[in-house]
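Visitor: I would like to learn how to read a model of this kind, feature by feature. Could you take me through it slowly?

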Amino acid sequence: MTLPPHPADVPPGYPLAYERELRLSDGRRAAIRPIVPSDAPALAAAIRSADAETLRRRFLGGPPRLTPELLTRLTTLDYNLRFALVAAEAASGKGIGIARYEQVADGVAEVAVAVDPAWRRVGLATALVELLAQAALERRIHTFSASYIAENRPVAALLSLADLTGACAVGQGLAESEVELDRGSVIAAVRALDTDQDTPAGSGGVRHLR
Ligand SMILES: CC(C)(COP(=O)(O)OP(=O)(O)OC[C@H]1O[C@@H](n2cnc3c(N)ncnc32)[C@H](O)[C@@H]1OP(=O)(O)O)[C@@H](O)C(=O)NCCC(=O)NCCS
C-alpha cells in the first residue's frame with residue numbers, strides 16, 4: 001500500500017484531509033488514509049489471509065466471495081455516503097487495519113472495522129472510528145449503527161468511545177447498536193489524536209502525510 005497513494009491513483013473527490021500518521025500507544029507508527037481503487041489487490045490479499053475468527057466477527061459468518069465487482073465496490077467510494085480509511089504500518093506500507101461507513105438511512109451509516117491481530121489493543125480501531133466519525137459529521141451523518149456478534153467486547157467498547165451514548169439490542173447472538181455522534185466529543189477525540197504526538201501513553205500522535 002503506498003502512503004500517500006500514487007498521484008495517478010487518486011480518484012476525484014479524494015479527501016486529502018484524512019491522511020495521517022499516528023503513533024500508537026505502544027510507540028509503533030501507523031499511516032492512515034482514505035481507501036483508493038488501487039488498494040483492491042491488497043484488500044483481497046488481507047481478506048484471504050485473515051484468520052477465521054476475525055472474518056467471523058467482521059463479516060458475521062463466512063467471508064464474502066471476492067469477486068472483482070465486490071472489490072470494486074469496497075474500494076471505489078464517493079467519500080460521502082460511503083467512506084473508508086485504511087491503515088498501514090508506516091515503515092513498510094503493510095496493511096494493518098480498515099474502517100468504513102456506508103449510509104443506510106438518512107443521516108445513519110453502518111460502520112465496520114477490522115484490525116490485524118498483531119496491531120490490536122493499541123488504539124488503532126479507536127483512532128479509525130474517531131476519524132470516520134469526524135468525516136461522517138462533516139457529511140451530515142449523525143448516527144453510526146453497527147451489527148456485531150454479541151460477545152464481541154472490543155466492539156461494544158469501541159461503540160462507547162469518547163462518551164458517545166449508544167442503545168444496544170441483542171438477539172440471537174447478534175447485537176445491534178446505534179450511536180448518535182456527539183460533535184463535541186468527536187472534535188475533542190480527533191484533536192487529541194492530532195496533539196498527542198509526544199505522549200507515549202496516549203492513544204497516539206499524528207503527523208500529516210504531506
Ligand atoms: C474490534 C477490533 C476492530 C478492535 O480493534 P483494536 O485496534 O484492538 O481496538 P482498540 O485498541 O482501539 O481498543 C478499543 C477498546 O476495545 C476494548 N478491547 C479491545 N480488544 C479487546 C479485547 N480483546 N477484550 C476486551 N476488550 C477489548 C478495549 O476497551 C479497548 O480500549 P482500551 O484497551 O484502550 O481500554 C479488533 O478486535 C478486530 O479487528 N476484531 C475482528 C473484527 C471485528 O470484530 N470487527 C468488528 C465488527 S464490524
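Guide: We shall go from the ligand to the core, then to the strands, and finally to a few loop residues. Please keep in mind throughout that this is a predicted model.

Visitor: Let us begin with the ligand, then: which residues around the ligand come nearest?

Guide: One reads such a site by its members, and then by the elements that supply them. Here 21 residues lie around the ligand, and those that come nearest are Arg57, Arg120, Ala125, Thr126 and Ala157. At least two residues of the shell are supplied by each of helix H2 (52–59), strand S5 (108–115), helix H4 (124–138) and helix H5 (153–159), and H5 gives the largest share, with five residues.

Visitor: How many residues of that shell are nonpolar, polar and charged?

Guide: The shell around the ligand holds 12 nonpolar residues, four polar ones and five charged ones.

Visitor: Turning to the interior, which residues of the largest nonpolar core touch the most other members?

Guide: A core can be read in the same spirit, by its best-connected members and by the elements behind it. This core has 47 residues, of which Ala30, Leu85, Ala87, Leu128 and Leu132 touch the most other members. Among the elements that give two or more residues to this core are strand S2 (29–34), strand S3 (82–89), strand S4 (95–105) and helix H6 (183–195), while the largest share, 10 residues, comes from H4.

Visitor: What does leucine 128 touch, if residues up to four places away in sequence are not counted?

Guide: On that count, leucine 128 touches Ile32, Leu85, Ala87, Gly97, Ala99 and Val113.

Visitor: Now for the strands: which residues make up the covered face of S6, and which the uncovered one?

Guide: On S6, Phe144, Ala146 and Tyr148 form the covered face, whereas Thr143, Ser145, Ser147 and Ile149 form the uncovered one. As for its neighbours, S6 runs parallel to S5, with three bridges joining the two strands, and in this pairing glutamate 110 stands opposite serine 145. Strand S8 (residues 174–180) pairs with S6 in the antiparallel sense, over seven bridges, and there isoleucine 149 has leucine 174 as its bridge partner.

Visitor: Which elements make a right-handed β-α-β unit?

Guide: That unit is made by S5, H4 and S6.

Visitor: Some loop residues remain. Where does arginine 121 lie, and why does arginine 121 count as exposed?

Guide: For a loop residue, it helps to take its place in the chain, its backbone angle and its surroundings together. Arginine 121 lies in the loop between S5 and H4, and its phi is near 65°, a positive value in a residue other than glycine. Arginine 121 counts as exposed because it has 12 C-beta neighbours inside 10 Å, and a residue with 12 or fewer is taken as exposed.

Visitor: What is phi of tyrosine 79 near, and why does tyrosine 79 count as partly exposed?

Guide: Phi of tyrosine 79, a residue other than glycine, is also a positive value, near 55°. Tyrosine 79 sits in the loop between helix H3 (68–75) and S3, and counts as partly exposed because 17 C-beta neighbours lie inside 10 Å.

Visitor: Finally, where is the place of leucine 181?

Guide: Leucine 181 belongs to the loop between S8 and H6, and with 19 C-beta neighbours inside 10 Å it counts as partly exposed. Its C-alpha atom is separated by 7.5 Å from that of leucine 137, although the two residues are 44 residues apart along the chain.

Technical notes
Residues are numbered from 1 along each chain as its sequence is written. This is a predicted model: local features need pLDDT of at least 70, side-chain atom pairs count only at pLDDT 80 or more; totals for chains, interfaces and linings use all residues. A residue is near a molecule or strand if its C-beta atom, placed from the backbone, lies within 6 Å of it. Helices (H or I, at least four residues) and strands (E, at least two) are DSSP runs, numbered from the N terminus. Ala, Val, Leu, Ile, Met, Phe, Trp, Tyr, Cys and Pro count as nonpolar, Asp, Glu, Lys and Arg as charged, and the others, Gly among them, as polar. A nonpolar core is a set of buried Ala, Val, Leu, Ile, Met, Phe, Trp, Tyr and Cys residues joined through C-beta atoms within 7 Å. A residue is buried if 20 or more other C-beta atoms lie within 10 Å of its own, exposed if 12 or fewer, and partly exposed in between; C-beta atoms are placed from the backbone. Two residues are in contact if their C-beta atoms, placed from the backbone, lie within 7 Å. Two strands pair if DSSP finds at least two bridges between them. A crossover is right-handed if, with the strands pointing away from the viewer, the path from the first strand over the helix to the second runs clockwise.
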